[in-house]
Amino acid sequence: MSSEFDAYALQYDEALEKGLSISGESKEHFARERVRWTARRLAELGARPRRLLDFGCGTGGTGGELLEQLGAEVVVGADVSRKILAIARRDHPDPRLEFRTIQDVEASGPFDVAYCNGVFHHIEPARRSEALGLIRRSLGPGGYFAFWENNPWNPGTRLVMSRIPFDRDAKLISAPAARRVLVQAGFRPLGTDFLFLFPRALAALRPLEAHLVRVPAGAQYLVLCQKSEWSPLR
């Protein structure tokens, strides 16, 4: 996975924008709205995170949103690609943002909240529990995990991914399958929300989305979960 994303490092953001352009929105729009919804759900739980992990941070564009909307003091962005991390450090010099390799994640903790978006469809199914174990060990007691993924049941999602070179061969994971693997890895799902139902052409209907999050039709979904007290056997 690392060498694949090293190859796309310089075109990473451009490729994302090309794929997302059919929605009428930018990658910044989706990052902002994902974090806004995450912040809303965490606030409902009374969570006030200080240290956050952005697992699979890419070029770091979500870090600022996590700082601002969740009121965090530090966000550590982690990725497998050193070339992509170099771009993140260059483009986001805020001292509250740190960018490290995946190998450094556990030593950088403990974290109050871990966030990831569109990461696990790039991880081979047989290795997903390993990645989840790393995230779980990096969280403090009772830490939260905001697991965002692309909804394979949404045809628009599949169309967007077909336009992005590094997403074409991805192995999508459905929300029920995600919940199962999260439980097996030692997380307790607290709820599943589906968002991004309406493209920009239907933006007038977006106020309805907050009432439709349980309908498994949105382009992406969030499984918000909490680190369980028990440790899974490996």
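Leu159 belongs to helix H8, which covers residues 155–162; helices here are DSSP runs of H or I with at least four residues, strands are runs of E with at least two, and both are numbered from the N terminus. With a relative accessibility of 46%, Leu159 counts as partly exposed, the class that lies between buried (under 20% relative accessible area) and exposed (over 50%), as computed with a 1.4 Å probe on protein chains only. The C-alpha atoms of Leu159 and Ile22 are 8.9 Å apart in space, although 137 residues separate the two in sequence.

The model is predicted, and local features need pLDDT of at least 70, side-chain atom pairs count only at pLDDT 80 or more, and totals for chains, interfaces and linings use all residues. Residues are numbered from 1 along each chain as its sequence is written, and side-chain values use heavy atoms, with hydrogens and water left out.

The chain contains nine helices and seven strands. Of its 234 residues, 53% are buried. About 11200 Å² of the chain is exposed, and carbon and sulfur atoms supply 53% of this area, as given by the Shrake-Rupley method with a 1.4 Å probe. Among contacts (heavy atoms within 4.5 Å) between residues at least 6 apart in sequence, 70% join residues at least 24 apart.

Helix H3 spans residues 27–44, and its 18 residues reach 26 Å from the first C-alpha to the last. This is close to the 26 Å expected at 1.5 Å a residue, the expected span being 1.5 Å times one less than the number of residues. The buried residues of H3 include Phe30, Val35, Trp37 and Leu42, and also the charged residues Lys27, Glu33, Arg34 and Arg41. Just after H3, Gly46 adopts a positive phi of about 75 degrees. On the other side of the helix in sequence, Glu25 is placed in the loop between helix H2 (12–20) and H3. Glu25 counts as buried because its relative accessibility is 15%. The C-alpha atoms of Glu25 and Arg200 are 6.5 Å apart, with the two positions 175 residues apart in sequence.

Ile102 is located in the loop between strand S3 (97–101) and H6, and its relative accessibility of 14% places it among the buried residues. Beyond its neighbours within four places in sequence, Ile102 is in contact with Phe55, Ala78, Asp79, Val80 and Leu134. Its C-alpha atom is separated by 8.9 Å from that of Gly77, 25 residues apart along the chain. Helix H6 (105–108) is followed by a loop that leads to strand S4 (111–117) and holds Pro110. The peptide bond from Gly109 to Pro110 is cis, with omega near 5 degrees.

Phe196 is situated in the loop between strand S6 (187–195) and strand S7 (220–227). Its phi is near 65 degrees, a positive value in a residue other than glycine, and at 10% relative accessibility Phe196 counts as buried. Phe196 also helps to line the largest cavity, together with Phe194, Leu195, Leu197, Glu209, Leu212, Val213, Val215, Ala217 and Gly218. A cavity is a set of points on a 1 Å grid where a 1.4 Å probe fits but cannot get out, and lining residues have an atom within 4 Å of a point. The lining comprises eight nonpolar, one polar and one charged residues, with Asp, Glu, Lys and Arg counted as charged and Gly as polar. The space in this cavity is about 40 Å³.

Conventions
1 Å grid on protein atoms, 1.4 Å probe; cavity = no way out; pocket = protein on both sides within 12 Å on 5 of 7 lines; lining within 4 Å. Points joined across faces, edges and corners; volume = space filled by probe spheres on them.
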